[in-house]
Amino acid sequence: MKKLLCKPCAVALEAKGKTVKQTGWRCEKITCSACGRRRFGVAYDVTGRITRSKKEEKA
């Protein structure tokens with residue numbers, strides 16, 4: 001899913017295990033979709049890893 005993110009939020013999502021790819025070219029003044037602050041940022045494509053619950057692994 002595409003999101004407008006500032007750099008600190010993009011790094012934080014990547015640290016949590018999400019895959020974050022930059023899709024925008026220029027850094028522009030945006031409202032970050034993660035923290036809600038008005039900062040410089042770009043569009044990112046954010047995807048999460050698929051995790052299975054323990055019940056599905058046992059079955």
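These exercises walk through the fold, the core, one helix, one hairpin and the cysteines of a predicted model.

Local features need pLDDT of at least 70, side-chain atom pairs count only at pLDDT 80 or more, and totals for chains, interfaces and linings use all residues. Residues are numbered from 1 along each chain as its sequence is written, and side-chain values use heavy atoms, with hydrogens and water left out.

**Exercise 1. The overall fold**

Task: state the order of the elements in the protein chain and describe its surface and contacts.

Solution.
- Take helices (H or I, at least four residues) and strands (E, at least two) as DSSP runs, numbered from the N terminus.
- The count is two helices and four strands.
- From the N terminus, the order is β-α-β-β-β-α.
- Accessible areas come from the Shrake-Rupley method with a 1.4 Å probe; for residues, only the protein chains shown count as cover.
- The accessible surface is about 5000 Å², and carbon and sulfur atoms hold 52% of that area.
- Buried means under 20% relative accessible area, exposed over 50%, partly exposed in between (1.4 Å probe, protein chains only).
- Of the 59 residues, 20% count as buried.
- A contact means heavy atoms within 4.5 Å.
- Among contacts between residues at least 6 apart in sequence, 59% join residues at least 24 apart.

**Exercise 2. The core and helix H1**

Task: list the largest nonpolar core, then find which residues of H1 are buried.

Solution.
- A nonpolar core is a set of buried Ala, Val, Leu, Ile, Met, Phe, Trp, Tyr and Cys residues joined through side-chain atoms within 4.5 Å.
- The largest has eleven residues: Leu5, Cys6, Cys9, Ala10, Leu13, Val20, Ile30, Cys32, Val42, Tyr44 and Val46.
- Strand E1 (2-6), helix H1 (7-15) and E4 each give at least two of them.
- In H1, the buried residues are Cys9, Ala10 and Leu13.
- Down the helix axis they fall within an arc of 100°, so they line one face of H1. The arc is that of the directions from the helix axis to the C-beta atoms.
- They pack against E1, strand E2 (19-22) and E4.
- Beyond its neighbours within four places in sequence, Leu13 touches Leu5, Lys18, Val20 and Val46.
- On the other side of H1, Lys7, Glu14 and Ala15 are exposed.
- Gly17 follows H1 with a positive phi, near 105°.

**Exercise 3. The E3–E4 hairpin**

Task: give the pairing sense of E3 and E4, and place Thr31.

Solution.
- Two strands pair if DSSP finds at least two bridges between them.
- E3 (residues 28-31) and E4 (residues 38-47) pair antiparallel over four bridges.
- Ile30 has Arg39 as its bridge partner in E4.
- Six residues lie between the strands, and Gly36 in this hairpin has a positive phi near 80°.
- Thr31 lies in E3 and is partly exposed, at 43% relative accessibility.
- Outside its neighbours within four places in sequence, Thr31 contacts Leu4, Gly36, Arg37 and Arg38.
- Thr31 and Leu4 are 27 residues apart along the chain, yet their C-alpha atoms are separated by 7.2 Å.

**Exercise 4. The cysteines**

Task: count the disulfides and check Cys6 and Cys32.

Solution.
- A disulfide is a covalent bond between the sulfur atoms of two cysteines.
- The test is a pair of cysteine sulfur atoms within 2.5 Å.
- The count is zero disulfides.
- For Cys6, the nearest cysteine sulfur is that of Cys9, 3.5 Å away.
- For Cys32, the closest cysteine sulfur is also in Cys9, at 3.6 Å, too far for a bond.
- Cys6 is buried, with a relative accessible area of 0%.
- Cys32 is buried too, at 3% relative accessibility.
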